[in-house]
Amino acid sequence: MMAMSLSAIFSQDNFAHFHTPGYRDCPIATAKTLEYNRTMSDPPLELRSPIQFLKGVGPKRAEILNRIGIRKASDLLFHFPRDYQDMTEQREFGQLEESNKLQTIVGSISEWNRKSTRRGEMLSLYVNCDNKGYLKAIWFNAFFAIKDFAKDRKVMLTGKPKFDHPHWTMMYPQITYLSDDEDEQAVEPFLPIYPLTEGLKQFHLRQIMRNMLPIFTPLLEEVFPDDYLEAHKLLRIDEAVRAIHFPKDQTEKIWALRRFVYQELFVLQLGLAMRRLQHQTSLKASPLKLTDSINSQIRQRFPFTLTKAQERVIAEIVQDMSQPIPMNRLLQGDVGSGKTIVAVYAMLLAAANGYQSVFMAPTEVLARQHLRTLTRMLENDSFNIAPVFGGQKTAERARVLRDIATGSAQIIVGTQALIHGEIPFNKLGLVIIDEQHKFGVMQRAALKLAATPNAADSRVAANTSFDPHYLVMTATPIPRSVTMTMFGDLDVSIMNEMPPGRQPVKTYIADPEHQPAWWDFVARKVAEEHWQGYVVVPLVEESAVPKGQGLDAQSLIEVYERLSTGPLKGFRLGMIHGRMSTEEKERIMFEFRTGEIQILVATTVIEVGVDVPNANLLTIENAERFGLSQLHQLRGRIGRGKNPGYCTVFYNPSAENAQKRLKAFEKLSDGFRLAEKDFEIRGSGDLFGTQQHGMPPFRVADLVRDKEILYEARGDAMCLVQGDPGLARPEHAKLRKQMLSRYGTVLNLGDVG
Ligand code: ADP
Ligand code: MG
């Protein structure tokens with residue numbers, strides 16, 4: 001799936017045979033006319049023809065091209081330029097300048113000669129520029145060029161001129177032949193610059209493209225109906241492919257790219273829209289109704305007044321849950337905005353209606369914290385909350401599963417163990433996933449699957465199938481464009497308000513020489529004011545990283561020892577990381593909560609969700625190793641109590657982009673703005689890696705650059721699916737096929753096909 005070629009994305013390989021009169025494998029093809037020397041017994045050319053038989057390719061180049069995944073003619077067509085050489089920067093002789101700018105000059109060939117040198121055969125060409133002077137062009141081992149040289153032939157040279165007494169000289173200029181009656185405008189104003197591999201030259205590839213485009217573009221199958229193309233200002237596929245290789249002008253270049261970006265995004269949005277629709281039409285859920293008495297009973301247990309944002313989101317959730325179709329909602333709220341209580345509300349609503357809820361968190365530390373919050377809030381009630389964790393003892397697991405199966409457990413809290421274990425739910429009405437960004441689409445699907453067999457008994461009885469309501473929460477503020485792609489099938493609620501009394505967090509970027517002063521400050525605050533703090537070390541969890549990476553990170557133990565024997569000597573330090581046993585982790589978190597541990601040296605296990613209000617000193621080591629949003633998450637651990645928070649980051653200044661990113665971190669406290677920034681600086685690859693979400697990666701679209709096209713494509717896709725649910729109309733068949741082949745599996749749309 002990952003290796004899907006561009007041709008598979010943009011065009012269905014089509015098997016129409018295209019007969020050409022002949023073909024000759026010509027290694028150097030400079031002529032623009034197409035020559036064929038094929039015999040009638042040669043196989044007809046089609047999009048899936050091996051490239052070896054294309055004009056200008058041959059067995060040797062075919063092998064080289066194979067190395068970069070180009071096997072069929074269609075692969076070549078969709079081998080897009082990564083950039084263009086602008087040939088329009090045309091100069092008069094007197095305007096040539098020594099600079100890094102590509103310049104183009106027109107003249108007629110005066111003479112040329114070849115000379116053996118240590119670097120190989122040097123070819124010098126002298127071009128007379130309007131009798132104003134001569135430009136000398138130099139190539140090495142460029143046998144190709146000579147056969148087209150002819151005295152007085154008009155040429156255009158593009159390169160970076162240098163004055164090398166007595167001549168202006170260009171090394172390896174791009175040469176374009178002009179005929180006398182041709183305008184002096186470039187024939188190809190932009191020359192494609194392709195991603196190459198060893199043994200492959202730009203001009204060869206360009207020539208291969210020039211040869212093949214007129215033959216193969218007519219074979220491309222258009223997936224959009226004609227009137228759609230027109231209405232949405234999209235170039236037709238054949239035009240777009242031609243134009244992306246050899247655009248006639250700047251505008252055409254933009255339009256060609258737009259066509260492909262649009263298509264890539266549109267097809268995904270179609271998939272998401274279908275999934276959404278499918279969800280709405282084919283799934284049934286039990287409506288869970290809120291009454292005044294349920295409402296007041298729930299609120300009674302809350303230790304504080306809800307914020308306006310919490311109220312608004314709860315209203316949205318209550319509305320969703322009262323419907324006979326499953327809620328499918330994403331709650332986005334910055335760190336500390338109080339999402340947990342919203343989840344609790346929803347779970348108590350389910351319980352009041354006699355349904356079980358699942359509350360799943362990505363780390364055990366966080367899941368246990370939720371367990372504690374719930375237990376505390378619901379004590380004095382006959383609530384049974386069942387924990388499901390990975391390392392549970394057999395007897396405990398058996399008891400928990402029994403409680404779940406009999407229905408005596410109303411709320412089930414746990415980690416991913418919930419997905420993997422076959423949990424015999426009794427009457428599952430609601431699934432909540434906390435910190436969703438740590439899971440991904442695939443797991444979401446998996447959880448749904450895991451949830452499917454459970455209610456089977458009650459379903460069979462009722463002879464209908466019911467799905468639970470579904471709420472996913474994330475504190476990682478996600479740029480809108482990413483939300484639309486990764487979570488595009490969900491309704492979105494946004495919580496943009498902090499509970500009252502939040503303390504500001506001051507952030508500092510510390511150079512190594514400032515470290516002692518920071519530790520003095522920490523020691524003083526801990527000693528005199530009984531503050532607590534975290535020291536976060538980017539020791540990467542083994543499972544999260546490919547082998548061999550992260551080994552040079554300062555190890556947790558090192559930091560622990562350095563601090564406990566150095567600047568924080570005499571304080572009670574603790575240490576926590578992901579690979580400790582459950583009991584150990586529990587004990588450490590308990591000791592930290594109760595103040596027994598004053599400074600907790602931790603890996604990112606504390607990154608998400610952990611809520612210890614007395615901890616307000618945060619030190620982050622090797623901060624360059626974290627993404628901005630991750631840093632923001634970490635910072636969200638402090639400033640939760642009555643005192644202001646202090647966050648100081650240590651970093652390695654030589655790391656790429658470190659300064660830039662950390663400056664943004666220091667300056668911005670709004671998670672959404674930080675996420676956008678991070679996204680701009682690092683691009684979409686890293687943080688919201690689509691692959692990590694189980695999605696095939698984008699091949700031409702760039703969520704940062706192409707935001708506007710995304711919004712457009714999304715709107716259009718929703719419209720289309722609304723008008724033609726199931727994409728059943730014949731004119732949509734090709735789009736449907738393309739969407740299914742790319743996203744059918746990952747979006748679980750199998751049954752649509
Ligand atoms: P997050 O959205 O990051 O999951 P939490 O749900 O952990 O945030 O809430 C952060 C802290 O704010 C918790 O200590 C919680 O008890 C507290 N809190 C949540 N809502 C309110 C509120 N309306 N008023 C006061 N404190 C609140
Ligand atoms: Mg949380």
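This passage looks at the surroundings of ligand 1 and then at the nonpolar cores of the protein. The structure is a predicted model, and a good place to begin is the ligand.

Around ligand 1 there are 16 residues, of which Gly336, Lys339, Thr340, Arg502 and Asp611 come nearest. Sorted by class, this shell is made up of seven polar, five charged and four nonpolar residues. Two of the nearest residues, Lys339 and Thr340, also face oxygen atoms of the ligand through their side chains. In Lys339, a polar side-chain atom lies 2.6 Å from an oxygen atom of ligand 1. For Thr340, an N or O atom of the side chain is likewise 2.6 Å from an oxygen atom of ligand 1. Thr305 takes part through its backbone: a polar atom there is 2.8 Å from a nitrogen atom of the ligand. On its own, ligand 1 has 570 Å² of accessible area, and the protein covers 85% of this.

Attention now turns to the protein interior. In soluble globular proteins, nonpolar side chains tend to be buried together. Here, the largest nonpolar core has 72 residues, and Phe216 and Phe266 are the ones that touch the most other members. Helix 8, spanning residues 250-282, gives the most to this core, with twelve residues. Leaving aside residues up to four places away in sequence, Phe266 touches Phe224, Tyr228, Ala713, Asp716, Ala717, Leu720 and Leu735. A second core, separate from this one, has 42 residues, among them Ile294, Met377, Phe389 and Leu471.

Key. Residues are numbered from 1 along each chain as its sequence is written. Chains are lettered from A and ligands numbered from 1 in the order in which they are written. This is a predicted model: local features need pLDDT of at least 70, side-chain atom pairs count only at pLDDT 80 or more; totals for chains, interfaces and linings use all residues. Side-chain values use heavy atoms; hydrogens and water are left out. A residue is near a molecule or strand if one of its heavy atoms lies within 4 Å of it. A polar contact is a pair of N or O atoms within 3.5 Å; within protein, one must be able to donate a hydrogen and the other to accept it, and residues adjacent in sequence count only if both atoms are side-chain atoms. Accessible areas come from the Shrake-Rupley method with a 1.4 Å probe; for residues, only the protein chains shown count as cover. Ala, Val, Leu, Ile, Met, Phe, Trp, Tyr, Cys and Pro count as nonpolar, Asp, Glu, Lys and Arg as charged, and the others, Gly among them, as polar. A nonpolar core is a set of buried Ala, Val, Leu, Ile, Met, Phe, Trp, Tyr and Cys residues joined through side-chain atoms within 4.5 Å. Buried means under 20% relative accessible area, exposed over 50%, partly exposed in between (1.4 Å probe, protein chains only). Helices (H or I, at least four residues) and strands (E, at least two) are DSSP runs, numbered from the N terminus. Contact means heavy atoms within 4.5 Å.
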